[in-house]
Structures are given as C-alpha cells and as structure tokens.
Amino acid sequence: MEGQAVTEVVLLACGSFNPITNMHLRMFELARDHLVDTGQYRVVKGIISPVGDGYKKKGLIEASHRLEMARLATKDSDWITVDAWECLQPEWVETAKVVRHHYDDLLAAEQNIDDVDTVKYTKRRRVEENHFQGSSSDRGRDSSQVMLLCGADVLESFGIPNLWKQEDIAEIVGRYGLVCITRNSNDPHKFIHQSDTLWKYRKNIHVVREWVTNEISATHIRRALRRGRSVRYLLPDKVVRYVQENDLYSAESEKKNADVVLAPFQKCSGALSS
Ligand SMILES: Nc1ncnc2c1ncn2[C@@H]1O[C@H](COP(=O)(O)OP(=O)(O)OP(=O)(O)O)[C@@H](O)[C@H]1O
Ligand SMILES: NC(=O)c1ccc[n+]([C@@H]2O[C@H](COP(=O)(O)O)[C@@H](O)[C@H]2O)c1
C-alpha cells in the first residue's frame, strides 16, 4: 500500500434512532475498523442523522427526544456526532438528499480551507461527476467523501417495490458509497449479486461482517420498556436515564402514527409492524 493516497471518509448513518442503541454506536466502530484495514481510507467523522417526524413511522416519538438521546449517547465520543438538519425539515427527506446535503457541507468546508484554490474545487466536482456517469474508475482519491452507513436490512429494503427511487440507489452507491453491517439472516453479498445497480457499483459497497451476532433493535428496546423491563447495557446509561426521566416509550407512544394514511414507501418500510 506504500505511496497510495488515503481517502478521508465521513460515515453517515440515517435512521429512526427510536431510541439510539449501543448497536447503532457499534456500527460506526465496525465500519471504521473495516475501512482503515483496507489501507485506502481514514475515517475522520461519524454523523448520526435521526429521521424527521414527517417520516410518520408507527411508534416514532418526537424528533426532539430522539435527537437528545443521540446527543447523550455520543457525548463521550471523539468522532461520532449528531446532526439535526434532517429531523428539522418540515417534511420527510429522502436519504439520497440527506447524503447529498452532508456531501455539500463537506465540500463547502473544504472550499473554505482552500479558498483561493478554486481550480482544485472545480476539478474535484468534475472527477466526481465523471465517475458517477461511469466514465472514470477513480473518484478522486485525494479528496474526502461521505459514505452511507447502514445495516443489511436497509440494503435489502432497496429491493422493496416503490420504497426507494432507482436513481437514488444509483446515486448513493455510485456517487457516494455504502458501508453495510451484516444483520441477522440478511445476506448482503447475495443481494448485491442479484441487483444490477448494486453489482455495477459493488466496489463502492463495503460489507462488514458483525461476528457477534445479535438481535438488538430499537423495536425490542421499545417493547421491553413498555413492559417495564430493564434495557440497561443495551443502551448507553445516559440514554436509559433520559428515557426514565421523560417517561418515554409506553403503550400509548407505540400507537403514535398508527392511524396515519401511509405513502407507498412507508407501507413497505415496516411502518405498519409493531
Ligand atoms: N443490530 C443491528 N445490526 C446491524 N445494523 C443495525 C442493527 N440495529 C440497527 N441497525 C442499523 O442502524 C440504522 C438505523 O436503524 P434504525 O434507527 O431504524 O434502528 P432499528 O433498530 O432497525 O429500528 P426499528 O427496530 O425501530 O426498526 C439502520 O441502518 C439499521 O439497519
Ligand atoms: N427512499 C428513501 O430514501 C427511503 C425509503 C425508506 C427508508 N429510508 C430511510 O431509511 C432509514 C431507516 O428507515 P426504517 O427505520 O424505516 O428502517 C430512515 O432514515 C429512512 O428515512 C429512506
């Protein structure tokens, strides 16, 4: 690997985080180790972006609480942060737009750094666009990039009819890149093999094997909480305390959005499941 340029990566995780769990935080550590191991990347930042209330998923509590819990969970991390942009939008924002927003933020920050070097900025935009159109095999290795971080269930949800726009999937994997953590019985490699779009951009998809198989999910946590069971060690202690102090997650909160007439994408996204 000697002499090879290292790309700086910002990992972006989008989700309900209802509530944030230890597994959400672990995803970042797994992804960072994996990318660093390739010798091609340096992970400089992790961003947690909770979905807005407009997502209207059943049982989704207010964004202000989900945001605060994510902030408490990441308080002691020196690289994982929480970003409120997505959840402050009045309407639900498609994930491709969220990734684009953070990529533009990154570009703007870089542009501020090399303010005078406008040539570099313009050249970089051109390299990225050429790459996405398939005319380049190199996406500009000396520049930073944003990668979407998700579990294998999200990758597999790309195959659910009407849930994701094809152009959004192509943009996420083609222009940005994806780090996918294995989850339960999902087989990301098989899924990538079966999708022409994912296969085309397979070099931008990093599958990370979680060897410590676990069934931690926010759904399990909410269920335990409304039954008065302990969730300690599944969530950061600060989050457990916040849940208790604010009396979050009851039978009542799980009914939230239950009577909402869902858009097709929401019907497929498990919004109807309890
Ligand atoms: N145990 C896990 N293993 C791998 N990925 C996970 C795990 N738990 C959550 N994720 C990933 O974290 C991201 C955010 O997930 P989300 O907030 O929807 O959590 P969740 O536990 O899947 O929620 P819910 O149970 O409410 O559907 C998604 O990409 C999801 O795939
Ligand atoms: N078309 C899309 O962009 C699309 C569709 C479904 C879910 N998502 C995102 O996936 C994340 C996880 O959603 P679920 O909690 O429903 O699994 C959320 O951030 C949501 O916004 C995006």
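**Exercise 1. Place M69 in the fold and decide whether M69 is buried or exposed.**

Begin with the secondary structure: M69 lies in helix α2, which covers residues 63-74, where helices are DSSP runs of H or I with at least four residues, strands are runs of E with at least two, and both are numbered from the N terminus. The model is a predicted one, in which local features need pLDDT of at least 70 and side-chain atom pairs count only at pLDDT 80 or more, while totals for chains, interfaces and linings use all residues. Residues are numbered from 1 along each chain as its sequence is written, and chains are lettered from A and ligands numbered from 1 in the order in which they are written.

Next, count neighbours: M69 is buried because 27 other C-beta atoms lie within 10 Å, the cut-offs being 20 or more for buried, 12 or fewer for exposed and partly exposed in between, with C-beta atoms placed from the backbone. Finally, list the contacts (C-beta atoms within 7 Å): leaving aside residues up to four places away in sequence, M69 touches P19, I20, V239 and Y242.

**Exercise 2. Find which strands pair with β1, and in which direction they run.**

Start from β1 itself, residues 7-15, of which eight of nine are buried. Two strands pair if DSSP finds at least two bridges between them; nine bridges join β1 to the parallel strand β2, residues 41-50, and C14 has S49 as its bridge partner there. Then turn to β4, residues 145-151, which is parallel to β1 and joined to it by five bridges, with V10 standing opposite V146.

**Exercise 3. Describe helix α1, and state which residues of α1 are buried.**

First compare the spans: the 16 residues of α1 reach 23 Å from first C-alpha to last, close to the 22 Å expected at 1.5 Å a residue, a figure obtained as 1.5 Å times one less than the number of residues. The buried residues are M23, H24, M27, F28, A31, R32 and L35. An α-helix has 3.6 residues a turn, so residues three or four places apart point the same way. The buried residues of α1 pack against several strands, including β1, β2 and β4.

**Exercise 4. Determine which element gives the most residues to the shell around ligand 1.**

The shell holds 20 residues, with G15, C150, G151, A218 and T219 the closest, a residue being near if its C-beta atom, placed from the backbone, lies within 6 Å. Among the elements that each supply at least two residues are β1 and β4, but α1 gives the most, with three.

Key. Two residues are in contact if their C-beta atoms, placed from the backbone, lie within 7 Å.
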